[in-house]
Every structure is written in C-alpha cells, then in structure tokens.
Amino acid sequence: MTIDLAGRALGDLFGAVGRVRRPRKPLHPHGTVLPASLTRSGLDEPCGIAWLDEPGRDDVLVRFSRGAGLPDPLPDVLGLAMRIPMPDGRHADLLFASTGMGRLTRFLLRPGRNAAASSYSTLLPYRAPEGPLFLSCKPAVAERGVCFELGLAVGVGPWRVFGQLDVPDAEPAQDADITFDPMTNTLPDLQPADWVVRIRERAYRKARQSRGDERPRP
C-alpha cells in the first residue's frame with residue numbers, strides 16, 4: 001500500500017508539473033542529444049546479466065539534461081540518458097542521475113553544473129541474481145570529447161568496471177523527438193525491481209499524458 005501511495009503521489013506531481021510546462025517534459029525539459037560509443041569489456045566474475053557479463057560494442061545515443069531546467073550558472077540535478085539498439089530492432093533505455101559514488105552517497109542526488117565532470121548512478125535498483133544491482137557512469141580521461149567509465153555494484157558493494165562510454169564532439173540531434181522510457185524499454189535480463197516499477201509506472205504515464213502522448217505502452 002505504501003509503495004502504491006508513493007507511486008500515486010509521484011505521478012500526481014509529474015502530472016502537475018507537466019501541465020505547467022506542456023508540451024515539454026515535466027522533468028529534464030531540455031537536453032543535448034549526441035551519438036556515442038559504448039564499449040563493454042565484460043566481467044571476470046559474471047553477475048548473471050549477459051549484456052554486462054559479455055564484451056561488445058554498441059552505437060548509442062546519450063542525452064545530457066538538467067532536472068529542474070534551471071539556467072546553467074545554477075547547480076541542478078543532472079541527467080544522463082542512454083539509448084541502446086537491440087538486435088531485434090527494439091531499443092533499451094537507461095537513465096542516470098547525478099549522485100555520489102560512495103556506499104551511501106550513491107543513493108543521494110547531487111546537484112552539479114558540469115555534465116562532463118559529474119558522476120551518475122541509476123539511483124534505483126535492477127533485479128539481478130546476486131541482489132539489487134546499480135549502474136554508474138564516472139568521468140574518465142578522454143582524448144577528445146567526453147568519456148565515462150561504466151560500472152555496476154550490488155547493493156552497497158564496490159563498483160566493478162564493465163565498460164566505457166565515449167561521447168565525441170558532434171552536432172546535437174533534435175531533442176524534442178526523443179523520449180526515454182526505462183520502464184518499458186529494458187535490456188534483456190535487466191529488469192527494474194518490482195517496487196521500482198510500481199512507483200515509476202504511474203509517474204511515467206502522467207508525464208506522457210501531460211505532453212499529450214496517449215500511446216499505449218506494453
């Protein structure tokens with residue numbers, strides 16, 4: 001019941017903000033969308049999720065945004081969204097927010113100013129055989145453009161590197177045409193925890209409705 005109430009409250013908040021900002025997104029209303037390359041090195045000790053365990057390379061889209069849409073000089077909760085193409089023609093979406101990277105601070109939002117210099121995590125967990133799994137993006141040295149080290153952690157355990165995200169200098173894509181939805185566009189075998197789905201589902205539905213998007217979701 002508590003989870004359902006939290007989901008209803010979050011959904012009502014998203015809907016109210018969305019009505020004010022229509023037709024823009026209620027949160028992260030503006031963003032910069034860029035092509036990027038995701039290289040997965042794989043894991044010596046598998047976590048049970050094939051996409052994380054196995055090496056590979058994906059041509060992805062990333063979107064950098066500011067949560068409240070505050071002007072650049074002010075700190076804001078920063079967002080990094082990632083769209084990954086799947087072999088069957090679908091795509092998967094991952095959403096990250098600026099957080100700390102410590103055992104406890106990974107669960108706390110951390111406002112920032114510079115998207116390229118900020119660390120991000122998924123904040124909320126995915127289901128995995130080892131337990132609740134979190135993903136992270138940590139700034140790394142880049143020869144050109146922007147680079148992030150990709151990591152995963154189970155619970156409050158240590159971060160384990162599984163790949164790298166390279167974002168070259170490029171012309172941004174049209175932001176308004178792209179909507180990320182990590183609840184329905186999921187990676188194979190990497191599903192959000194059940195309570196996360198229940199909380200977020202209503203919020204995402206309200207956000208879509210506030211923009212006039214009534215398309216059914218699977």
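## Cavities and aromatic contacts

In this predicted model, the second largest cavity is lined by Leu 38, Trp 51, Met 82, Leu 94, Phe 96, Leu 135, Ser 136, Leu 150 and Phe 162. A search of the whole structure finds 2 cavities of 30 Å³ or more, and the structure also holds 4 aromatic pairs, two of which are described below together with a contact between an arginine and a ring.

**The second largest cavity**

- The space in the second largest cavity comes to about 40 Å³, and its lining divides into 8 nonpolar residues, 1 polar residue and no charged ones.
- Two strands, β4 (91-98) and β6 (133-140), each supply at least two residues of the lining of this cavity.

**The largest cavity**

- The largest cavity has a volume of about 70 Å³, and the residues that line it are Leu 95, Thr 122, Leu 124, Pro 125, Tyr 126, Pro 182, Met 183, Pro 192, Val 196 and Arg 200.
- Sorted by class, the lining of the largest cavity consists of 8 nonpolar, 1 polar and 1 charged residues.

**Aromatic pairs**

- Of the 4 aromatic pairs counted, one is formed by Phe 64 and Phe 148, whose rings are tilted, with 6.2 Å from centre to centre and 35° between the planes.
- This pair links distant parts of the chain, since Phe 64 belongs to strand β2 (residues 56-66) and Phe 148 to strand β7 (residues 146-154), 84 residues apart.
- Phe 64 counts as buried because its relative accessibility is 12%, and Phe 148 is likewise buried, with a relative accessible area of 0%.
- Another pair, Phe 107 with Phe 134, is edge-to-face, with a distance of 5.2 Å from centre to centre and an angle of 75° between the planes.
- Here too distant parts of the chain are linked, with Phe 107 in the loop between β4 and β5 (120-121) and Phe 134 in strand β6, 27 residues apart.
- Phe 107 counts as partly exposed because its relative accessibility is 33%, whereas Phe 134, at 6% relative accessibility, counts as buried.

**An aromatic cluster and a charge over a ring**

- Phe 64 and Phe 148 also belong, together with Tyr 120, to one aromatic cluster.
- The side chain of Arg 83 lies over the face of Phe 180, at 5.0 Å from the ring centre.

How values were computed: Residues numbered from 1 in each chain as written. Predicted model: local features only at pLDDT ≥ 70, side-chain atom pairs only at ≥ 80, totals over all residues. Heavy atoms only, no water. 1 Å grid on protein atoms, 1.4 Å probe; cavity = no way out; pocket = protein on both sides within 12 Å on 5 of 7 lines; lining within 4 Å. Points joined across faces, edges and corners; volume = space filled by probe spheres on them. Nonpolar A, V, L, I, M, F, W, Y, C, P; charged D, E, K, R; others polar. Helix = DSSP H or I, 4+ residues; strand = E, 2+ residues; numbered from the N terminus. Phe/Tyr/Trp six-rings, centres within 6.5 Å; stacked < 30°, edge-to-face > 60°. Buried < 20%, exposed > 50% of the residue type's maximum accessible area, 1.4 Å probe, protein only. Lys NZ or Arg CZ within 6 Å of the ring centre and 35° of its normal.
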